[in-house]
Amino acid sequence: MASESASATEPLSRRRRLTDWLSGSLWTVVFGSLAVVAVGGLVQVSFGAYSMTLVQAWQAVFNPDVVFNLQAWNAFLFGGQMPEMNQRSLVVWNIRLPRVAVAALVGMNLAVSGAIFQAVTRNELASPFILGVSSGAGLMILLVLVVFSGVTLVIPLVVTEITLGISSLLPVIAALGGIVAFLVVYAIAWKNGTSPVRLVLAGVIVGTVFSSLQTGLFFFADDIGVVQSAIAWTTGSLTGVDWEQVRMALPWTLVALFLALVSARQLNVLLLGEDTASSLGMNVEKVRFALSGVAVLAAAASIAVAGIVGFVGLIVPHMVRNIVGSDYRKLVVGCLFAGPALMVAADVGARLGLSILLGSDGQMPVGIVTGLLGGPYFLYLMRKQERMGEI
Amino acid sequence: MADETPEPDGGVDASLEREDARDRDGDTGGGTEGATAADVGGGIPPYRSNGGASEFSGEDLVIGYPSADEPVVDDESISVAPGEVTALVGPNGSGKSTLLKGLADQLSLDGGTVLIDGEEVHSFETKELARRLGLLSQENVAPDTITVEKLVEHGRYPHRGFFDGLTDEDRAAVDRAIDLAGVDHLRGRDVGSLSGGQKQLVWIAMVLAQETDVLLLDEPTTFLDMHHQLEVMEIVETLREASDKTVVVVLHDLQQAARLADKVVALQDGAVQGRGSPEAVVTEELLADVFEIEAEVVPTERGPQITPLRPLHDD
């Protein structure tokens, strides 16, 4: 991403000697991405309906009463009681920063998920959604919003019972829909084992069927609010997210990303092709399914909080690969940073773009901006690089 | 041993296998004696050569692909004594590669068993098998940006647990493999920048880094220029002389097989048409029957010299 970033060059030469694993190019990605996230985050906390100056915003961000307050962190991360804080800190810490955090989590998940799927399917066009995850999630979103919007679930407990509107379970249902679609795709592709081509074909077909059903359901939506809500979910949106979304995504993100990091060597061996991996003693089917599961978990975590954000999972791995090479031990780490950079930057556009361009205070789905922002950069890379997209 | 199999007509008498080509390599020490003893012994001898080479055999193998009804290899046996180099030869589509994949447990057998030192290959856990048996496929793909050293390190995959880093032993094995394959000067280069021949040597280094007792190579010299063909053959010769690996190599070039191998097994339509020493197998009759060519075969001290003359037609 920001290979030009000046902040990356100085610590680079110093740290290169520390370990050969973390090569200079990887540090470029890491520091460049951190710079983008920092700038994007600063813009996000500084601007919005509640106006404050840059200085005030920074003061609020580094307000020691919040940063070093365990009760505050308990409230953010575990949903405890929110401590007293001034209004600026409340706006920054409770409304604007969690949105940056969710964007970062979503970016990480999608980028790593895409990187895994590109290795598992040995396909340059693979994204987190190649095995039907997005269409399964999208169908469930439409079903919930249009068909079952009035349904409530009653969960009996020993003492009392919980009544939940099904719409409040939408994030979970969407994520589960994605996971189920993935399992359906895998089952269809399976015949004495499977292969990348079978998986991708099954994914495309199942995706097409589910998308048709999803589009068909739009006809039954009777008010514009439902349609807009459905579009926000199916193109991905960070509007209105707060710490609750961080709490929802964080545990799964940690699990998925930890597994992705420790599986990097398996991914590297998979890149040598099934035959070689198998003759090296890898149980290819098992590893492929397990790694796909990790990638789907990451994708599902991001769907649950942001809906179906396209494009990030496709292009970020390519961008990072372009800089650090195809070694997954570097690539996964690079994606952990570059994914958030793209998402945070795109969300700046999604949240503030309309007010700057049109003066309106509306927001657009971040999924639209990721395409608008990432697409041209990707094309620029393609023009510049002879060998692009080769895994 | 393979002797139970009825020998198809036109082939070479199985008994030739006994008076094998070992005498042209009489100075190779203990492995040679052991190999002969194993041959005569018939069944599966408990013998292990000092270098740790393994007796390797496939018995009554029926191997096919799930998509086809007819098996490619139907009820054939093959046996390789410890430390020997056996070449599989045959025309295109004769089942050489299929047989090799079956022997490596990469294709499931429809019948028969493959044994390493009397233990059934299929019963091994996948990594355990990859520590005993290495297979180099015909076509290999690697990312362009991986360095030679990293690629060879992947050869240590079966020796490493999920969380294990490279141990000193792994590094030593990688060094030995790179050294033996003669690719030390390429060590830091990206695989994508290498020529086809250099790539092949690097892949061989990766398989060597597995440090298996049994090594199966599928057409390692095909598509290489002469220099790299000879490089590959030199590696195999080194392995034969060290006598601590049992090698089965599919070769397209019969001349190379004749020069390189202790034993040659000639296949046609998935059936063994001849087996034994190169001198016994590479004959004008066999070339006519199996390869459908008319050729002149002159015995030399580097094995039989083949001069192909013209193709033969059945009709």
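**Notebook: chain B and the largest pocket**

I began with the contacts of chain B, and among those with a separation of 6 or more, 68% are between residues 24 or more positions apart. I keep in mind that this is a predicted model. For the overall make-up of chain B I noted 10 helices and 12 strands, and I found that 55% of its 315 residues count as buried.

**Entry on the open sheet**

I next looked up the sheet of 4 strands in chain B, which is open, has antiparallel pairing and follows the order β2-β1-β4-β5. Its edges are taken by β2 (73-80) and β5 (119-120) of chain B, each of which has a single partner strand, so one side of each is left without a neighbour in the sheet. I then checked what packs on this sheet, and found helix α2 of chain B, residues 96-103, touching β1, β2 and β4 of chain B, with a direction that makes about 115° with that of β1(B). For the pairing of strand β1 (residues 56-63) with strand β4 (residues 109-116), both of chain B, I recorded 6 bridges and an antiparallel run. Within this pairing I located Glu59(B), which stands opposite Thr113(B) in β4(B).

**Entry on the hairpin**

Turning to strands β9 (residues 263-268) and β10 of chain B, I found them paired in the antiparallel sense over 5 bridges, with Val265(B) opposite Arg275(B) in β10(B). The two strands form a hairpin with 2 residues between them, and in the turn I noted that Asp269(B) has a positive phi of about 50°. I also looked up the burial of β10(B), residues 271-276: 5 of its 6 residues are buried, that is, under 20% relative accessible area, so the strand is largely enclosed by the rest of the structure.

**Entry on the largest pocket**

Which residues are the closest to the centre of the largest pocket? I first noted that the largest pocket holds about 1,400 Å³ of space. Of the 41 residues that line it, those closest to the centre are Asn192(A), Glu274(A) and Glu285(A), together with Gln106(B) and Leu107(B). I then listed the elements that each supply at least two residues of this lining, namely α13 (274-279) and α14 (284-306) of chain A, and α2, α3 (126-132) and β6 (133-136) of chain B. The largest share, 4 residues, comes from α13(A). Helix α2(B) thus enters my notes twice, since this helix packs on the open sheet and also supplies residues of the pocket lining. Sorting the lining by character, I recorded 14 nonpolar, 16 polar and 11 charged residues.

Terms used: Residues numbered from 1 in each chain as written. Chains lettered and ligands numbered in written order. Predicted model: local features only at pLDDT ≥ 70, side-chain atom pairs only at ≥ 80, totals over all residues. Heavy atoms only, no water. Pairing = 2+ DSSP bridges. Contact = heavy atoms within 4.5 Å. Axes fitted to C-alpha atoms, helices over the stretch in contact; angles between N-to-C directions. 1 Å grid on protein atoms, 1.4 Å probe; cavity = no way out; pocket = protein on both sides within 12 Å on 5 of 7 lines; lining within 4 Å. Points joined across faces, edges and corners; volume = space filled by probe spheres on them. Nonpolar A, V, L, I, M, F, W, Y, C, P; charged D, E, K, R; others polar. Buried < 20%, exposed > 50% of the residue type's maximum accessible area, 1.4 Å probe, protein only.
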